[in-house]
Each structure stands twice: as structure tokens, then as C-alpha cells.
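Hi everyone, thanks for making time for this one. I have a single chain to show you today, so let me put it up on the screen and walk you through it.

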Amino acid sequence: MASDNTLQALNDKLFAQLDRLDNRSLSGDSLKEELERTDAIIDIGKTIISNADLMLRAAVARDEKLGAYQGALPKVLQSGDGNGKKNLHR
């Protein structure tokens, strides 16, 4: 996620971890390690989402106070347009 710090990238990481947990060959210590990794990812993900929520509320408050402005959404809240380009609005 270091190169693409967006909520979409977080979502991708969460689903990738879910796929790893779905590996039926995991058992014993390997399964325990994967479950611990999952707990850590969940905790970090919750923090990222909470921070993004705060950033969004701040952007909305700023928009309501100052009117529309360029860069309304922080980078972490932006999503790609499918062509590798970032969109602020859809």
C-alpha cells in the first residue's frame, strides 16, 4: 500500500488477506500466524478508515465554509478512473 495510499488499495489488501485465509492448506502455526496478521491488518485498516472519515468531514466542513475549491478530496480518498489516472469527482 506504500505506493498507492487510497481506500481502494486498503480494500484490495483486505480482500487479498481474505483470500489468504481461504487457503485450505493452512493449519497449525501457519494458520495461527495468518490469523494474527489478519488481526493486525484489521486494526490498521480501522485506523486508516477512521482517519479518512476525519479527513472527509474536514473537507466537507471546509467546502461548506469556503465554497468549492480545487483538491476537495485528500489523496487517500481519491479513486482511480480505470486508466491509472486519479479522479476527484465522478
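**A salt bridge to start with**

Let's begin with Glu34 and Arg20, whose side chains form a salt bridge, 3.5 Å from N to O. Glu34 sits in helix H2 and Arg20 in helix H1, which spans residues 7-21, so this pair ties together parts that are 14 residues apart in sequence. Please keep in mind that what you see is a predicted model.

Now, is Glu34 buried or exposed? Glu34 is buried, as its relative accessible area is 9%, and the cut-off for buried is under 20%. Its partner Arg20 counts as partly exposed, with a relative accessibility of 36%.

Glu34 has another partner too. The side chain of Arg37 meets that of Glu34 in a salt bridge, at 3.0 Å from N to O. Here both residues belong to helix H2, and they are three residues apart, about one turn of the helix. Arg37 is partly exposed, at 41% relative accessibility. Put together, Arg20, Glu34 and Arg37 are linked in a network of salt bridges.

How many salt bridges does a search of the whole structure find? There are three. Besides the two I have just shown, Arg57 forms one with Asp53, where the closest N and O atoms are 3.0 Å apart. Arg57 and Asp53 are both in helix H2, four residues apart, again about one turn of the helix. Asp53 counts as partly exposed, with 37% relative accessibility.

**Charge on the surface**

Let's move to the surface. Asp29, Glu33, Glu36, Asp39 and Asp43 gather there in a patch of negative charge. Asp29 lies in helix H2, which covers residues 28-66. Asp29 is exposed, with a relative accessible area of 60%, and the cut-off for exposed is over 50%.

**Stepping back to the whole chain**

Finally, the overall picture. The chain holds two helices and two strands, and from the N terminus their order is α-α-β-β. Of its 90 residues, 16% are buried, and Glu34, in the middle of our salt-bridge story, is a buried residue. The chain exposes about 6,900 Å², with carbon and sulfur atoms supplying 53% of that area. As for contacts between residues at least 6 apart in sequence, 33% join residues at least 24 apart.

That's my tour, and I'm happy to go back to any view you would like.

Methods:
Residues are numbered from 1 along each chain as its sequence is written. This is a predicted model: local features need pLDDT of at least 70, side-chain atom pairs count only at pLDDT 80 or more; totals for chains, interfaces and linings use all residues. Side-chain values use heavy atoms; hydrogens and water are left out. Buried means under 20% relative accessible area, exposed over 50%, partly exposed in between (1.4 Å probe, protein chains only). Contact means heavy atoms within 4.5 Å. Accessible areas come from the Shrake-Rupley method with a 1.4 Å probe; for residues, only the protein chains shown count as cover. Patches are made of residues with over 30% relative accessible area and no salt bridge: like charges are joined within 9 Å, nonpolar side chains (Val, Leu, Ile, Met, Phe, Trp, Tyr) within 5 Å. A salt bridge is a side-chain nitrogen of Lys or Arg within 4 Å of a carboxyl oxygen of Asp or Glu. Lys and Arg count as positive and Asp and Glu as negative; His and the chain ends are not counted. The place of a charge is taken as NZ of Lys, CZ of Arg, CG of Asp or CD of Glu.
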